Amino acid sequence: TIRDISIQPASDDEIRQTIVCSAVTVAKITDDRLLRALLERRIGIGQALAALGMQPVFTLVQTTRAEHTFARAYTLTSDGGGFSISETFPSDLYGA
């Protein structure tokens, strides 16, 4: 799954969309309830796991920094499945 996450300012004066993160997720889901929560409710992985009482283990795999981006790769594992996630952010995201 590839998702671009964007935000929109609350002010009508300056309405624009800004991509704040590009994410790629590889999922191996072993629990039908988790699969249904992700597909039918269209909520995030962390929200779905929490709603089902599944406490994931977070493991940071890698961080990188380039001229215009920074990135992280990590895994989330739980009784309901495993997720390998790579996220890339623009380096000026936090005004740096």
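1. Start with Glu87 and Arg72: their side chains are joined by a polar contact of 2.5 Å. This is a predicted model, so take the distances here as computed from it. The pair also qualifies as a salt bridge, at 2.5 Å from N to O. Arg72 sits in strand β4 (residues 69-78) and Glu87 in strand β5 (residues 81-90), so the salt bridge ties together parts that are 15 residues apart in sequence. As a reminder of the general idea, side chains of opposite charge can pair when their charged atoms come close.

2. Are the two partners buried or exposed? Glu87 has a relative accessibility of 11%, so it counts as buried. Arg72 comes out at 32%, which makes it partly exposed. The cut-off that matters for Glu87 is that buried means under 20% relative accessible area.

3. Stay with Glu87 a moment, since there is another partner to look at. A polar contact of 3.1 Å joins its side chain to that of Tyr74. If you leave out residues up to four places away in sequence, Glu87 touches Cys21, Ser22, Ala23, Phe70, Ala71, Arg72 and Tyr74. Keep Phe70 and Tyr74 in mind, as both come back in the aromatic pairs.

4. How many salt bridges does the structure hold? There are two. Besides the one between Arg72 and Glu87, the side chains of Asp31 and Arg33 meet at 3.2 Å, N to O. Asp31 is buried, because its relative accessibility is 17%. Arg33, at 41%, is partly exposed.

5. Next, the strands. β3 and β4 run antiparallel and are joined by eight bridges. A hairpin of three residues takes the chain from β3 to β4. If you want a spot to check on screen, find Val57 and look across to Thr77, its bridge partner in β4.

6. β4 then pairs with β5, again antiparallel, through 10 bridges. Here the hairpin goes through two residues. A handy place to look is Thr75, which stands opposite Ser84 in β5. While you trace these strands, remember that in a regular strand the side chains alternate between the two faces of the sheet.

7. Which residues make up the largest nonpolar core? It has 11 residues in all: Leu34, Ala37, Leu38, Ile45, Ala48, Leu49, Met54, Tyr74, Leu76, Phe83 and Ile85. The elements that give two or more residues to this core are α1 (32-40), α2, β4 and β5. So much for the list; the general background is that in soluble globular proteins, nonpolar side chains tend to be buried together.

8. Ile45 is a good core residue to click on. Leaving aside neighbours within four places in sequence, Ile45 is in contact with Thr25, Leu38, Leu76, Phe83 and Ile85. Among these, Leu38, Leu76, Phe83 and Ile85 are listed in the core as well.

9. For contrast, look at Gln47, which is in helix α2 (residues 45-51). Its relative accessibility is 52%, so Gln47 counts as exposed. Measuring from C-alpha to C-alpha, Gln47 and Ala37 are 9.2 Å apart in space and 10 residues apart in sequence. Ala37 belongs to the core.

10. Two aromatic pairs are present. In one of them, the ring centres of Phe58 and Tyr74 are 5.0 Å apart and the planes are at 35 degrees, so the pair is tilted. Phe58 lies in strand β3 (residues 57-65) and Tyr74 in strand β4, so this pair ties together parts that are 16 residues apart in sequence. Phe58 is partly exposed, with a relative accessible area of 45%, whereas Tyr74 is buried at 9%.

11. The other pair is Phe70 with Phe89: centres 5.1 Å apart and planes at 20 degrees, so the pair is stacked. Phe70 is in strand β4 and Phe89 in strand β5, 19 residues apart, so to speak of distant parts of the chain is fair. Phe70 counts as partly exposed at 23%, and Phe89 as buried at 14%.

Notes: Residues are numbered from 1 along each chain as its sequence is written. This is a predicted model: local features need pLDDT of at least 70, side-chain atom pairs count only at pLDDT 80 or more; totals for chains, interfaces and linings use all residues. Side-chain values use heavy atoms; hydrogens and water are left out. Helices (H or I, at least four residues) and strands (E, at least two) are DSSP runs, numbered from the N terminus. Buried means under 20% relative accessible area, exposed over 50%, partly exposed in between (1.4 Å probe, protein chains only). A salt bridge is a side-chain nitrogen of Lys or Arg within 4 Å of a carboxyl oxygen of Asp or Glu. A polar contact is a pair of N or O atoms within 3.5 Å; within protein, one must be able to donate a hydrogen and the other to accept it, and residues adjacent in sequence count only if both atoms are side-chain atoms. Contact means heavy atoms within 4.5 Å. A nonpolar core is a set of buried Ala, Val, Leu, Ile, Met, Phe, Trp, Tyr and Cys residues joined through side-chain atoms within 4.5 Å. Rings of Phe, Tyr and Trp (its six-membered ring) pair if their centres lie within 6.5 Å; planes under 30 degrees apart count as stacked, over 60 as edge-to-face and the rest as tilted. Two strands pair if DSSP finds at least two bridges between them.
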